[in-house]
Amino acid sequence: MRERLTDGLYGLGWSTVKMLPEPAAAALGRTIADTAWKRRGKSVLRLESNLARVVPDASPERLAELSKAGMRSYMRYWMESFRLPTWSAERVTNSVEIKDVHHLKEGLASGRGVILALPHLANWDLAGVWVTRTLGIPFTTVAERLKPESLYDRFVAYRESLGMEVLPHTGGSAFGTLARRLRAGGLVCLVADRDLSASGVEVKYFGETARMPAGPAMLAQQTGAVLLPVTLWYEDAPLLKGRIHSPVEVPETGTKDEKTSSMTQALADAFATGITEHPEDWHMLQRLWLADLDVTEQERREERA
């Protein structure tokens, strides 16, 4: 029943929100965000706890301000995402500004393939649409299998309608497909600041140990693809801004695991730079640091839901 209700609510969002006038949709998003923030549920408290690592000197009042702004940013992501299929290519182009795009273009021109690795900052779906529609570059990504299955199918259909090839995160075949796309000189985009497999790489993140996926670094090593960190942030509507950081190089020495660890730490450092500059746009409402992961499986399921 809960899964059917979840799927129904998302379906209502996709079918209804995109029909609302822009000001009404924005106002609805702010109302939902403010209501959730006032209720101080698990997601809001977790966001605030995570932000306390990012801004360690913040007072309780400042953390409350950041978490409120963070919930508004998170709901802005959802309101935009529900409406993205109706946006014209011109609207997308006029709504996004990305710095240092030459890193992406040069990497693709080299024929090596490119991996864009992003944290949960601002609207990565909108950035993806900008890549496919404004730059005219198709790409492949992966998506976590959601429950119910109908909700996962809805997300896949949505992202494929925006020009993305979407692979399931589970099943073991995604890595091989991504590697083939890269060896053919293609583009792969991965949200890569939270490990979903419990077999990721430990990194130092805002002074504490967290675990991040090894996939981006391993793909770069195995295929020779260029690995580029990307950070995003919001400015006044309707603008999404971003930066493509300098390539993360494969170390010349060390074992495969050592190289993977070093490259993943470099990604974490780049992500931390963007999050420090725009903490209100970091949509991390789940546990991330190892110190916070000593919870029951039921608590994890509830948090991920």
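Trainee: Where does Arg-40 lie?

Mentor: In this predicted model, Arg-40 sits in the loop that runs between H2 and H3.

Trainee: What is the sign of its phi?

Mentor: The phi of Arg-40 is positive, about 55°, although Arg-40 is not a glycine.

Trainee: And why does Arg-40 count as partly exposed?

Mentor: Its relative accessibility is 33%, so Arg-40 counts as partly exposed. The cut-offs behind that step are under 20% for buried and over 50% for exposed.

Trainee: Which other residue that is not a glycine has a positive phi near 55°?

Mentor: Phe-206 has such a value. Phe-206 is found in the loop between strand E6 (201–205) and strand E7 (208–212).

Trainee: Let us turn to the helices on either side of Arg-40. How are two packed helices described?

Mentor: One gives the angle between their axes and the distance between those axes.

Trainee: What are these values for H2 and H4?

Mentor: Helix H2 (residues 22–39) packs with H4 at an angle of about 140°, and the axes are 8 Å apart. That angle makes H2 oblique to H4. Their crossing is right-handed.

Trainee: Which residues meet there?

Mentor: On the H2 side they are Glu-22, Ala-25, Leu-28, Gly-29, Arg-30, Ile-32, Ala-33, Asp-34, Ala-36 and Trp-37. On the H4 side they are Ala-64, Ser-67, Lys-68, Met-71, Arg-72, Met-75, Met-79 and Arg-83. By class, the contact of H2 with H4 has 10 nonpolar, 2 polar and 6 charged residues.

Trainee: How do H3 and H4 cross?

Mentor: The axes of helix H3 (residues 42–54) and H4 come within 9 Å and cross at roughly 120°. H3 and H4 are therefore oblique to each other, and this crossing is right-handed.

Trainee: Which residues make the contact?

Mentor: H3 contributes Val-44, Leu-47, Glu-48, Leu-51 and Ala-52. H4 contributes Leu-63, Ala-64, Leu-66, Ser-67, Gly-70 and Met-71. The contact of H3 with H4 comprises 8 nonpolar residues, 2 polar and 1 charged.

Trainee: Now the interior. How many residues are in the largest nonpolar core, and which touch the most other members?

Mentor: The largest nonpolar core has 87 residues, and those touching the most other members are Leu-116, Leu-187, Tyr-205, Leu-232 and Trp-282. Helix H4 (residues 60–83) supplies the largest share of this core, 8 residues.

Trainee: What does Trp-282 contact beyond its neighbours within four places in sequence?

Mentor: Its contacts include Leu-47, Leu-51 and Val-54, and also His-120, Asp-193, Tyr-205 and Trp-289. Leu-47 and Leu-51 also take part in the contact of H3 with H4.

Trainee: What share of the whole chain counts as buried?

Mentor: Of the 305 residues of the chain, 48% count as buried. The chain has 12 helices and 9 strands. Among contacts between residues at least 6 apart in sequence, 76% join residues at least 24 apart.

Trainee: Which residues of H9 are buried?

Mentor: In helix H9 (residues 174–183), the buried residues are Ala-174, Thr-177, Leu-178, Ala-179 and Leu-182. They pack against strands E2 (114–118), E3 (139–143), E4 (164–168) and E5 (187–191), and against helix H10 (215–223).

Trainee: What follows H9?

Mentor: H9 is followed by Gly-185, which has a positive phi near 85°.

Trainee: You mentioned H10. At what angle does H10 pack with H11?

Mentor: H10 and helix H11 (residues 256–277) pack at about 125°, with their axes 8 Å apart. They are therefore oblique to each other, and the crossing is right-handed. Among the residues making this contact are Pro-216, Met-218 and Gln-221 of H10, and Lys-256, Met-263 and Leu-267 of H11. The contact of H10 with H11 divides into 6 nonpolar, 4 polar and 2 charged residues.

Trainee: One last residue: where is Arg-243?

Mentor: Arg-243 lies in strand E9 (residues 240–244). With a relative accessibility of 32%, Arg-243 counts as partly exposed.

Trainee: How far is Arg-243 from Trp-233?

Mentor: The two are 10 residues apart in sequence and 9.0 Å apart in space, C-alpha to C-alpha. Trp-233 is also one of the residues in contact with Arg-243, together with others including Ile-98, Asp-100 and Pro-229.

Terms used. Residues are numbered from 1 along each chain as its sequence is written. This is a predicted model: local features need pLDDT of at least 70, side-chain atom pairs count only at pLDDT 80 or more; totals for chains, interfaces and linings use all residues. Side-chain values use heavy atoms; hydrogens and water are left out. A nonpolar core is a set of buried Ala, Val, Leu, Ile, Met, Phe, Trp, Tyr and Cys residues joined through side-chain atoms within 4.5 Å. Buried means under 20% relative accessible area, exposed over 50%, partly exposed in between (1.4 Å probe, protein chains only). Helices (H or I, at least four residues) and strands (E, at least two) are DSSP runs, numbered from the N terminus. Contact means heavy atoms within 4.5 Å. Axes are lines fitted to C-alpha atoms, for helices over the stretch in contact, and angles run from 0 to 180 degrees between N-to-C directions. Angles under 35 degrees count as roughly parallel, over 145 as roughly antiparallel, 65 to 115 as roughly perpendicular and the rest as oblique. A crossing is left-handed if the near helix is turned anticlockwise from the far one by less than a right angle, and right-handed if clockwise. Ala, Val, Leu, Ile, Met, Phe, Trp, Tyr, Cys and Pro count as nonpolar, Asp, Glu, Lys and Arg as charged, and the others, Gly among them, as polar.
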